Amino acid sequence: MDLLPELAYRMAIAINQSILRDGNRCQNEREVLLRLIVNQIRRTLDLDTIMETAVREVRELLETDRVIIYKFLENWDGEIVVEDLIVPWPEGFQEKIRDNCFSGEYSQLYLKGRVRGIDDIHNCGLNLCHANFLANLQVKANLIVPIVFGKDRDSFSDSEAQPRLWGLLIAHHCRSTRHWDIEEITLLEKIGEQLAVAIYQAELYQKVKENAVRFQAQAQKMQQTLDELQATQVQLIQSEKMSSLGRMVGGVAHEINNPVTFISGNLNHAQRYFEDLLELIDLYAADSPHPSPEVEEKIEEMDLEYLREDVTNVLASMKHGSDRIAKIVKGLRTFSRLDEAEMKPLDIHGGIESSLLLLQSRINGDANLREVEIIKDYGDLPNVTCYATLLNQVFFNIFSNAIDALSELRSVSQPPRTPQIQIRTETSHQDTVRIFIRDNGSGIPESIKAKIFDPFFTTKPVGQGTGMGLSTSYHIIVQQHGGQLTCESYLEQGTEFMIEIPTLAEMTVQMAIGIQQGLLVKELKKERDRANQATQAKSAFLANMSHEIRTPMNGILGMAELLSLSNLSEQQKNYVNTIQSSGKSLLNLINDILDLSKLEAGKIELKEEEFILPELVEEILRLFPDTLKAKDVSLNLAIADNLPQQYLGDTDRLKQILINLIGNAVKFTERGLVTITIQEYVREAERPANENEIELSFAIQDTGIGISLADQKQLFQPFSQVDTSSTRKFAGTGLGLSICQKLVNLMGGEIGVNSEINQGSTFWFKVPLKFIDSWGGKSLTDESEAYQPDDTSEGTKKSVDILVVEDNLIHQKVIKYQIEAFGYDFEIVENGVEALEKLQENSYALVLMDCQMPILDGYDTTREIRKNETMQDMIIIGLSAYGMEEDRQKGLDAGMNDYLSKPYNLSQLEEMIARWTDSAFLLSEAVTPQDISKN
């Protein structure tokens with residue numbers, strides 16, 4: 001009998017322990033599910049995906065019948081934006097609905113964090129209106145948590161100055177009443193908080209995308225306007241040149257005309273005088289048939305008979321010459337039109353003739369060139385009201401180009417084919433006149449025919465053409481006369497330009513168009529200024545975001561690296577490795593966002609530096625040994641034998657592309673082979689125009705999971721992932737391929753992918769590169785030989801005194817432990833003023849200068865140091881969480897010797913110090929776990 005109480009007591013203890021274990025296990029399971037749900041809804045920025053994932057996972061987690069997200073609209077109207085339910089329970093209302101039972105006082109309660117769990121809608125004190133509303137939805141119990149923006153200040157921007165009730169996350173139980181326990185309520189409340197952050201970020205991202213599209217459209221519109229303004233400016237300059245030429249031609253014509261008129265006006269008198277003198281000589285000879293010997297000698301000496309015959313020819317030649325000069329003067333005056341109004345009726349044929357007259361010297365042949373035959377087929381044209389000088393300029397430009405096009409045909413060494421320019425004029429039925437000017441030259445290639453009217457486009461050698469003649473002509477005909485200027489050309493058959501202009505220019509219409517264009521330009525300038533301001537704000541936001549994230553990341557990664565070098569157990573090492581891996585992933589995401597932003601804003605400029613292709617690729621492949629060892633994957637590199645060795649290009653951007661593509665191939669391949677192939681890409685139709693340029697083809701082929709055709713279409717879009725299953729298994733931001741595409745396009749190349757599901761993928765890209773010399777080439781297929789790091793001999797560390805200028809206490813600790821690990825002597829000060837005082841007191845080999853500090857920042861401190869003649873050679877290394885190229889340049893412009901972006905690791909810091917102080921040593925030898933433990 002005494003045994004029974006003891007057994008009962010033992011059983012009670014066991015039952016309680018079992019209940020406690022079950023409760024703990026249930027709690028752990030819910031925490032795991034909570035983390036899973038949060039990870040899924042925070043992984044994407046697509047609002048629909050976030051909400052659909054949330055309601056599905058919550059319904060399955062709570063094992064309830066329906067979960068909805070209810071979004072508030074104006075006046076507390078609302079709509080069910082997404083729901084997940086179990087059949088046969090009906091769907092909620094998809095249109096806008098109004099809950100007449102919901103008032104402003106309820107909103108204030110939910111705004112303050114109210115969570116409502118209703119076990120039975122008919123026995124919980126609900127008013128009849130609300131109970132009936134829920135009954136219509138067949139709800140018997142529900143759980144409501146608010147979705148509030150701005151509740152957690154660290155997760156929302158300053159724009160959410162006050163908390164805002166966005167909506168409600170509601171769980172409906174329809175099959176029966178239900179008691180909601182405290183764990184379920186707490187769980188749903190936490191999910192609601194995380195959902196609020198995810199929805200806010202998704203909406204913010206959507207707004208950013210919409211603004212980016214709008215700003216990009218505005219930027220394109222403004223760029224088009226700026227191009228038009230630039231072309232107009234050049235055309236104005238060209239018109240001014242032609243106007244100056246016209247004034248000069250008119251002046252020359254005037255100066256020539258006066259003496260020519262005097263000459264031609266006196267030639268008739270001179271001829272009559274000579275005839276009178278000859279008549280007098282004849283009378284004298286008849287009266288004195290036997291002159292004296294002196295007279296006979298003089299007659300013979302002057303050859304009187306020849307003089308009598310030649311004087312008429314001389315006078316006739318002078319008459320012909322003066323008439324020719326008068327004709328040229330008239331042509332010059334017609335071309336310049338200085339004696340006529342700007343806008344007046346013009347004889348088109350007269351304008352054509354004056355242009356041909358000015359080009360007569362080029363039309364005529366010589367010992368080396370055949371004469372150009374001019375064939376005219378003039379129709380009966382009315383006078384055309386136009387800008388005479390401008391239209392003559394068009395004729396002059398087109399005739400000049402036609403003569404240039406006939407240069408090869410005019411050579412006497414070519415087969416006999418007469419170079420010709422045919423001119424035909426006619427009227428049309430639309431009160432317009434047409435002028436056709438055709439040559440029988442070599443024609444214009446189809447590839448450049450569309451560009452001939454573009455400003456600055458020319459096929460002539462440098463110094464022989466400006467590329468503005470046809471562009472200006474097009475502007476004169478189309479925009480100033482409301483006409484058309486077209487070109488038809490066929491290789492080896494010649495080119496024909498057609499000018500069509502109305503017989504009566506619509507001056508009022510042109511003025512109206514000019515006024516409208518002026519207003520449009522003014523408005524576009526305003527839009528450009530607004531877009532520039534928005535772009536600057538976006539850049540400033542990204543730079544500040546980068547700085548604020550990099551600042552704590554420097555402390556996290558710096559301390560984690562120091563901790564990894566201390567004496568740790570295997571489990572502790574795994575913890576530290578996880579911290580480092582997660583921190584680096586976040587840092588890569590920041591860098592990708594900054595790169596994408598700069599690429600979209602067009603702020604990335606490619607550098608040109610020498611590099612050796614095999615060395616560059618092998619350097620990249622040395623980044624992957626650990627990943628390859630963890631998988632059953634081999635890496636193969638094959639470079640064509642006939643490629644040059646040295647190139648000019650942006651090595652950093654080329655590395656970025658290859659690291660992204662090779663990294664993806666390794667990540668998505670569990671076993672098999674990843675092959676990198678590099679060879680020359682040979683086009684069928686044409687090759688690069690530059691003889692020192694080659695187009696390289698890079699292909700990265702893997703035997704991984706492959707990509708469907710549907711997913712390939714969106715693969716290069718920002719934030720694009722292959723699919724949900726891959727996203728869950730293979731982490732990534734979806735930015736890498738988008739950045740690769742933009743970089744390849746910036747380099748003047750193209751990128752693409754060939755893939756099949758379960759058959760692997762091949763990502764390829766082609767870029768043109770300038771090469772310096774040739775090499776024999778090699779194929780590298782043995783990773784054990786190709787990717788082993790070079791042996792590094794240990795250097796000798798020398799004593800170095802370092803001054804650290806850093807205001808952040810965490811960063812002071814990080815850099816203190818790092819420098820102590822190196823064994824250098826150092827001092828730390830908090831701002832630029834203290835740094836200047838220390839430099840006056842002590843001598844240092846190097847200064848590590850933080851750039852953002854109170855009182856006196858790093859830039860101004862550096863400038864002050866450089867003003868001191870005794871410290872001109874002081875080595876100053878800038879440290880900053882701002883990681884853009886312009887930030888680095890800002891430091892160099894201030895006088896810094898180099899710049900290191902936070903967060904940096906031990907190797908980077910040691911390499912930077914060693915480079916500038918000649919104190920290199922092996923980090924692996926210098927830093928030991930014992931050293932770190934002592935610190």
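Strand S22, helix H25 (residues 858-867) and strand S23 make a right-handed β-α-β unit. Right-handed here means that, with the strands pointing away from the viewer, the path from the first strand over the helix to the second runs clockwise. Helices (H or I, at least four residues) and strands (E, at least two) are DSSP runs, numbered from the N terminus. Keep in mind that this is a predicted model, where local features need pLDDT of at least 70 and side-chain atom pairs count only at pLDDT 80 or more, while totals for chains, interfaces and linings use all residues. Residues are numbered from 1 along each chain as its sequence is written, and side-chain values use heavy atoms, with hydrogens and water left out.

**The parallel sheet around S22**

The unit belongs to a bigger picture: an open sheet of five strands in the order S21-S20-S22-S23-S24, with parallel pairing. Strand S21 (825-829) and strand S24 (898-901) are the edge strands, each with a single partner, so one side of each has no neighbour in the sheet. From one strand to the next, the twist averages 20°. For angles like this, axes are lines fitted to C-alpha atoms (for helices over the stretch in contact), and angles run from 0 to 180 degrees between N-to-C directions.

Two strands count as paired if DSSP finds at least two bridges between them. Here are three of the parallel pairs:

| Strand pair | Bridges | One facing pair |
|---|---|---|
| S20 (residues 801-805) and S22 | four bridges | Val-804 and Leu-848 |
| S22 and S23 (residues 875-880) | five bridges | Val-847 and Ile-876 |
| S23 and S24 | four bridges | Ile-877 and Asp-898 |

Two helices pack on this sheet. Helix H24 (residues 832-841) touches S20, S21 and S22, and its direction makes about 160° with that of S20. Helix H27 (residues 906-917) touches S20, S22, S23 and S24, and makes about 175° with the direction of S24. Touching, or contact, means heavy atoms within 4.5 Å.

So how buried is S22 (residues 846-850)? Five of its five residues are buried, so the strand is largely enclosed by the rest of the structure. Buried means under 20% relative accessible area, exposed means over 50%, and partly exposed is in between (1.4 Å probe, protein chains only). In a regular strand the side chains alternate between the two faces of the sheet. In S22, Leu-846, Leu-848 and Asp-850 point one way, while Val-847 and Met-849 point the other way.

**The mixed sheet and Ser-489**

Another open sheet of five strands has the order S7-S9-S10-S12-S11, this time with mixed pairing. Its edges are strand S7 (373-377) and strand S11 (484-490); each has a single partner strand, so one side of each is left without a neighbour in the sheet. Neighbouring strands here are turned by 15° against each other on average, direction ignored.

Inside this sheet, S10 (residues 432-439) and S12 (residues 494-502) run antiparallel and are joined by eight bridges. Ile-437 stands opposite Phe-497 in S12. Helix H13 (residues 469-479) lies across S11 and S12, running at about 135° to S11.

Let's zoom in on Ser-489, a residue of strand S11. Ser-489 is buried, with a relative accessible area of 2%. Its side chain makes a polar contact with the side chain of Thr-495 (2.9 Å). A polar contact is a pair of N or O atoms within 3.5 Å; within protein, one must be able to donate a hydrogen and the other to accept it, and residues adjacent in sequence count only if both atoms are side-chain atoms. A polar atom of the Ser-489 side chain also lies 2.7 Å from the backbone nitrogen of Ile-444. Leaving aside neighbours within four places in sequence, the contacts of Ser-489 include Gly-443, Lys-449 and Gly-494.
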